[in-house]
Amino acid sequence: MNKTIVLGNVGNVPRLTKLQDGNEVMNFSLAHTVKQTDKDTGEIKSITTWFDCSYFFKKDASKEISKYIIKGNPLLVEGKIKADFYMPQDAKSKSDIKPVLKLTVKNITLAGQKNRSESTSAENNNSDDLPF
């Protein structure tokens, strides 16, 4: 079984691609950051792991989905992970090989932030007619 769940922030503007069958794929990066204390210095350091995500969905769903998957927004994603590796051009040995974590997303859960249109309308609403 290959199931991965990641909570992180969208790291780039998602890229939509229409497939030949009419379905679409959205590609975006997701950053998961953990804070750790250095044992020697006691200094708190942030360690970020990046995931290249691909989310496949049915025709004409991209308008609705793209409202919510915005750079910087937190998401909880679930899917299958695959590790690829590459060697940078300036690498001197095999120890310089870098991993690329690719995640084929099956489910997305919004973990905060409103979509663009909701946050804009809420900021511009100075009405005293609030429902609470």
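This section describes the strand pairing, the nonpolar core and one buried loop residue of a predicted model.

The strand pairings are taken in order along the chain. Strand β1 is paired with β3 in the antiparallel sense, over two bridges. Within this pairing, V10 has L30 of β3 as its bridge partner. Strand β2, which spans residues 15-18, also pairs with β3; the sense is antiparallel and the number of bridges is four. Here T17 is matched with V25 in β3. The hairpin formed by β2 and β3 has five residues between the strands, and G22 in this hairpin adopts a positive phi near 95°.

Strands β3 and β4 run antiparallel and are joined by 14 bridges. F28 has C53 of β4 as its bridge partner. Six residues lie between the strands in the β3 and β4 hairpin, where G42 has a positive phi near 80°.

Strand β5 takes part in two pairings. With β1, β5 runs antiparallel through six bridges, and V6 is partnered by V77 of β5. With β6, β5 forms twelve bridges, again in the antiparallel sense. E78 is located opposite N107 of β6.

The largest nonpolar core consists of 15 residues. Those with the most contacts inside this core are F28, L30, C53, I69, L75 and V77. Two or more core residues come from each of β1 (4-10), β3 (24-37), β4 (44-57), β5 (74-86) and β6 (98-110). The greatest contribution is that of β4, which supplies four residues. Several bridge partners recur among the core residues with the most contacts: F28 and C53 are partners across β3 and β4, and both are listed among those residues. L30, the partner of V10, and V77, the partner of V6, are listed there as well.

I69 is another of the core residues with the most contacts. Leaving aside residues up to four places away in sequence, I69 touches V10, P14, M26, F28, L75 and I108. Of these, F28 and L75 also belong to the group with the most contacts inside the core. In soluble globular proteins, nonpolar side chains tend to be buried together.

A polar residue was examined in the loop between α1 (62-66) and β5, where N73 is found. N73 counts as buried because its relative accessibility is 8%, and the cut-off for burial is under 20%. A polar atom of the N73 side chain lies 3.4 Å from the backbone oxygen of Y68.

Technical notes: Residues numbered from 1 in each chain as written. Predicted model: local features only at pLDDT ≥ 70, side-chain atom pairs only at ≥ 80, totals over all residues. Heavy atoms only, no water. Core = buried A, V, L, I, M, F, W, Y, C linked by side-chain atoms within 4.5 Å. Buried < 20%, exposed > 50% of the residue type's maximum accessible area, 1.4 Å probe, protein only. Contact = heavy atoms within 4.5 Å. Pairing = 2+ DSSP bridges. Polar contact = N/O pair within 3.5 Å; in protein donor to acceptor, adjacent residues only side chain to side chain.
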